[in-house]
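Reader: I should like to understand how the descriptions of this model are justified. May we go through them in turn?

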Amino acid sequence: ANPTIAFVGLGNMGRPMVSRLLSAGTHVRAFDASPTAVEASRAAGIEVSATLVEAVTDADVLVTMLPAGRHVAAVCEEAYPLLATGALHIDCSSIDIASAQAIHASAAARDLQSVDAPVSGGTGGATAGTLTFMLGGDAAAVERARPILEPMAGRMVHCGAAAAGQAAKICNNMILGISMVGVCEAFALAEKLGLSHQALFDVASKSSGQCWSLTSYCPVPGPVPASPANNGYRPGFAAALMSKDLGLSQAAAGDAGLETPMGALARSLFDRFVEEGGGERDFSAMIEFLRGPAPA
Ligand code: NAD
């Protein structure tokens, strides 16, 4: 049988994800609370339900793609009592560990199955259907989620029990935030030392400094033609989202009683970058912030 999927959250990620599901012949009832998102969805050929109640009533699967834990919790509170018996909730949002665990617990209390399934790959991956899904939950729920996520996925990794997907996402993006600052600092220093961008790239991309922030997302124009630096730092991955994700890893580290000093520093740098107006720029524009004001 073709299950009915209620998909809630039709933002930058949710819209292209729903389009992938529709192309695969999935039966989707889509909903978003914002008129702007609804309009953009309709323009993309997505039929949108008038209310959350209409979208979720008797649905076999609920997929959420929302900004933060409080939004997911609010939708679940309203939706869970209305879903089909034994329905599955897949939360693809990037949210804090504590909220993710609370959502799994409230699903279990209603005999619903639940999987946390945050993604990496950005809007490009969502459009192409090549997202990496990081799955947390018991094996039965994860196996049920896999064929539903398939049309949106390049890769799916079962990371462990409830909230393990969120843990993987948070740890991955802590590496990314720290490594991007490191690569930006190295290019800024190279400029001062009279070393060309290309020379540093040619050496470091094949040496022990090699990392994704350098070889796939190089923060200076030239060496990696597809990186946002070649495009005026249009995102890509907005600095505001990096700042949010680094906040999640700091919250998780704080709750776990672990000090992550590099993560904390990366967070404060991205927070300052956002406060100074960089939130909508790609996060690799951090190099401009690190260079400081241009000499008069
Ligand atoms: P977005 O802000 O574009 O979309 C979120 C949507 O949720 C909005 O349209 C908003 O109206 C809707 N919403 C909020 N509360 C709602 C409610 N109660 N009921 C119904 N709709 C509601 O965000 P996005 O870029 O699509 O990201 C979604 C999630 O995916 C976030 O957690 C983000 O961190 C994560 N993520 C984003 C990217 C990216 O590149 N954009 C990459 C990986 C992960």
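**Domains and ligand shell**

Author: In this predicted model, the protein is divided into domain 1 (4–161) and domain 2 (167–291). The centres of domain 1 and domain 2, taken over C-alpha atoms, are separated by 29 Å.

Reader: What makes residues of domain 1 and domain 2 count as being in contact?

Author: Two residues are in contact if their C-beta atoms, placed from the backbone, lie within 7 Å. Nine residues of domain 1 are in contact with eleven residues of domain 2. The side of domain 1 that touches domain 2 has five nonpolar, three polar and one charged residues.

Reader: How do you know which residues surround the ligand?

Author: The test is whether the C-beta atom, placed from the backbone, lies within 6 Å of the molecule. There are 25 residues around the ligand, and the closest are Gly-11, Met-13, Ala-33, Ser-34 and Ala-37. Two or more residues of the shell come from each of helix H4 (69–79), strand E6 (119–120) and helix H6 (122–128); H4 gives the most, with three residues.

Reader: How is the shell around the ligand divided into nonpolar, polar and charged residues?

Author: The shell holds 13 nonpolar, eleven polar and one charged residues. Gly counts as polar and Met as nonpolar, so Gly-11 belongs to the polar group and Met-13 to the nonpolar group.

Reader: Why is the span 4–160 called "6-phosphogluconate dehydrogenase NADP-binding"?

Author: The name comes from the UniProt annotation, an unreviewed entry, and such annotations may be inferred rather than shown by experiment. In the model, residues 4–160 are 42% helix and 24% strand.

Conventions: Residues are numbered from 1 along each chain as its sequence is written. This is a predicted model: local features need pLDDT of at least 70, side-chain atom pairs count only at pLDDT 80 or more; totals for chains, interfaces and linings use all residues. Helices (H or I, at least four residues) and strands (E, at least two) are DSSP runs, numbered from the N terminus. Domain bounds come from an automatic or database domain assignment.
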